[in-house]
Amino acid sequence: MGVMQKVAKRGKASAAQALSLPLDQILMDDCIAAMKALPDASIDMIFADPPYNLQLGGDLYRPEGGRVDAVDNDWDKFDTFAAYDAFTRAWLAEARRILKDDGTLWVIGSYHNIFRVGAAVQDEGYWILNDIVWRKANPMPNFKGTRFTNAHETLIWAARSETARYTFNYRAMKTLNDELQMRSDWVLPICGGTERLKRGGVKAHPTQKPEALLYRILLACTKPGDVVLDPFFGTGTTGAVARRLKRRWIGIERDPTYCDVARERIAASLPLDESSIVTMQSPTAAPKVAFGVLVETGMVKPGMMLTDVKRRWSARVRADASLEADAQTGSIHKLGALLQGAPSCNGWTFWHYEDGGVLKSIDALRQTYLLATQP
């Protein structure tokens, strides 16, 4: 069989496999049982937010007497560390089986569990690429005053093996970060405001992750059309962001209430149009906030039109925070300089958006973000 015939055969097999997957669906089941039913090497990326096994020792109260809405659900409780470790090894083994050879795994956790999970990840044969520190811009304080404030969580990013040719959209990440190489410490706010889902006036899920976090992960490590699996789906953050970025998704969640919330949420999530979804593919001090953070958090939406104050040029915002104008692309700074034929440009003051018929600098959005996220 010739090379082209082999490629064509693999392509047909891949297409047939995709058709057999429960794409864009929530499987209401135990995560290990549901993954066992999926075919080998069928998933491009897995994002896992497993139980943290917090081992809470009773209720926690604020100084004024109010009870803290902490994680006390049964799904987060394990009798022993050995029981938690056995559960972790079991789902990690299934996850590695269903990952494609070039697929990657993301796992998030706190100090309660991430070290145990990290050891299991390596024991199962994964190759750790990075540990990412998600530093919360607005963490919950330590009300007892007996420890440092827990202001971060850790993400492990791992390939299926040491030799895997995994996806990493380096250029898109650099553009998202105002032309600076993306680092392994990410400052993003915790889920709050209108993004925080509630039922009956209380949180629908105690550990709902912000969409900005999943936006960055999916943009970094997947391509449009890739299949993303979340075995601890909760209220569907992964599915909602995947739909926006035109990735296919599969969610596994055994709680029927969470499933209902997730379905409603994902149905309301609008996919970006084709021109906005394209990202950059070709090749001082860090700013307080990058333009990409505004895109990740939804303050600036992909597809939004920007213009200079004299309305000479218009540009469309794309998913990785790059701009496109007259078939030219670049960051807010590079494209502004290119259009003017100038050596440099401060994109924050050059680009404007229209609000009620009035042009406002995008720097105003940056200042609004900073005010909203400052502790």
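**Exercise 1. How many salt bridges does a search of the whole structure find?** Examine the pairs Asp101 and Arg160, Arg183 and Asp185, and Lys360 and Asp355.

*Solution.*

Step 1. The structure is a predicted model, and the search of the whole structure finds 21 salt bridges. In general, side chains of opposite charge can pair when their charged atoms come close.

Step 2. Consider Asp101 and Arg160, whose side chains meet in a salt bridge with an N to O distance of 3.9 Å. This pair links distant parts of the chain: Asp101 belongs to strand β3 (residues 99-109), whereas Arg160 sits in the loop between β5 and α5, and 59 residues separate them. The cut-off for a salt bridge is 4 Å, so the value of 3.9 Å satisfies the criterion. Asp101 has a relative accessible area of 55% and is therefore exposed.

Step 3. Turn to Arg183 and Asp185, for which the closest N and O atoms of the salt bridge are 2.7 Å apart. Arg183 is exposed, at 57% relative accessibility. Asp185, at 34%, counts as partly exposed.

Step 4. In the salt bridge of Lys360 with Asp355, the closest N and O atoms lie 2.8 Å apart. Both partners are partly exposed: Lys360 has a relative accessibility of 35% and Asp355 a relative accessible area of 36%.

Step 5. Salt bridges may also share partners, and in this way Lys36, Asp40, Glu94 and Arg97 are joined into one network.

**Exercise 2. Determine whether Glu153 is buried or exposed, and identify side chains with which Glu153 makes polar contacts.**

*Solution.*

Step 1. Locate the residue: Glu153 is part of strand β5.

Step 2. Classify the residue. Its relative accessible area is 8%, so Glu153 is buried, the limit being under 20%.

Step 3. List the contacts. The side chain of Glu153 makes a polar contact of 2.5 Å with the side chain of Tyr52. A polar contact of 2.9 Å joins the side chain of Glu153 to that of Lys136.

**Exercise 3. Describe the nonpolar cores of the protein and a nonpolar patch on its surface.**

*Solution.*

Step 1. Begin with overall burial: 49% of the 375 residues count as buried. In soluble globular proteins, nonpolar side chains tend to be buried together.

Step 2. The largest nonpolar core contains 65 residues, and Trp106, Phe291 and Trp351 have the most contacts inside it. The element that gives the most to this core is helix α6 (residues 211-221), which supplies 9 residues.

Step 3. A second core, separate from the largest, has 30 residues, among them Ala48, Ala120, Tyr126 and Ile250.

Step 4. Move to the surface. The protein exposes about 18400 Å², of which carbon and sulfur atoms supply 53%. Tyr166, Phe168 and Tyr170 make a nonpolar surface patch of about 270 Å². Within this patch, Tyr166 occupies the loop between β5 (152-159) and α5 (170-176) and is partly exposed, with 33% relative accessibility.

**Exercise 4. Why is helix α7 largely enclosed by the rest of the structure?** State also what follows this helix.

*Solution.*

Step 1. Place the helix in context: the secondary structure consists of 13 helices and 16 strands.

Step 2. Helix α7 spans residues 237-244, and 7 of its 8 residues are buried, so the helix is largely enclosed by the rest of the structure.

Step 3. Name the buried residues of α7: Thr237, Thr238, Gly239, Ala240, Val241, Ala242 and Arg244.

Step 4. Lys246, just after α7, takes a positive phi of about 60 degrees.

**Exercise 5. How many disulfides does the structure hold, and are Cys31 and Cys221 buried or exposed?**

*Solution.*

Step 1. The structure holds 0 disulfides.

Step 2. Cys31 has a relative accessibility of 6% and therefore counts as buried. Cys221 is also buried, with a relative accessible area of 4%.

**Exercise 6. Where does Lys310 lie, and what separation is found between the C-alpha atoms of Lys310 and Leu359?**

*Solution.*

Step 1. Lys310 is located in the loop between β11 (305-307) and β12 (314-317).

Step 2. At 62% relative accessibility, Lys310 counts as exposed.

Step 3. Although Lys310 and Leu359 are 49 residues apart along the chain, their C-alpha atoms are separated by 9.6 Å.

Conventions: Residues are numbered from 1 along each chain as its sequence is written. This is a predicted model: local features need pLDDT of at least 70, side-chain atom pairs count only at pLDDT 80 or more; totals for chains, interfaces and linings use all residues. Side-chain values use heavy atoms; hydrogens and water are left out. A nonpolar core is a set of buried Ala, Val, Leu, Ile, Met, Phe, Trp, Tyr and Cys residues joined through side-chain atoms within 4.5 Å. Buried means under 20% relative accessible area, exposed over 50%, partly exposed in between (1.4 Å probe, protein chains only). Helices (H or I, at least four residues) and strands (E, at least two) are DSSP runs, numbered from the N terminus. Patches are made of residues with over 30% relative accessible area and no salt bridge: like charges are joined within 9 Å, nonpolar side chains (Val, Leu, Ile, Met, Phe, Trp, Tyr) within 5 Å. Accessible areas come from the Shrake-Rupley method with a 1.4 Å probe; for residues, only the protein chains shown count as cover. A disulfide is a pair of cysteine sulfur atoms within 2.5 Å. A polar contact is a pair of N or O atoms within 3.5 Å; within protein, one must be able to donate a hydrogen and the other to accept it, and residues adjacent in sequence count only if both atoms are side-chain atoms.
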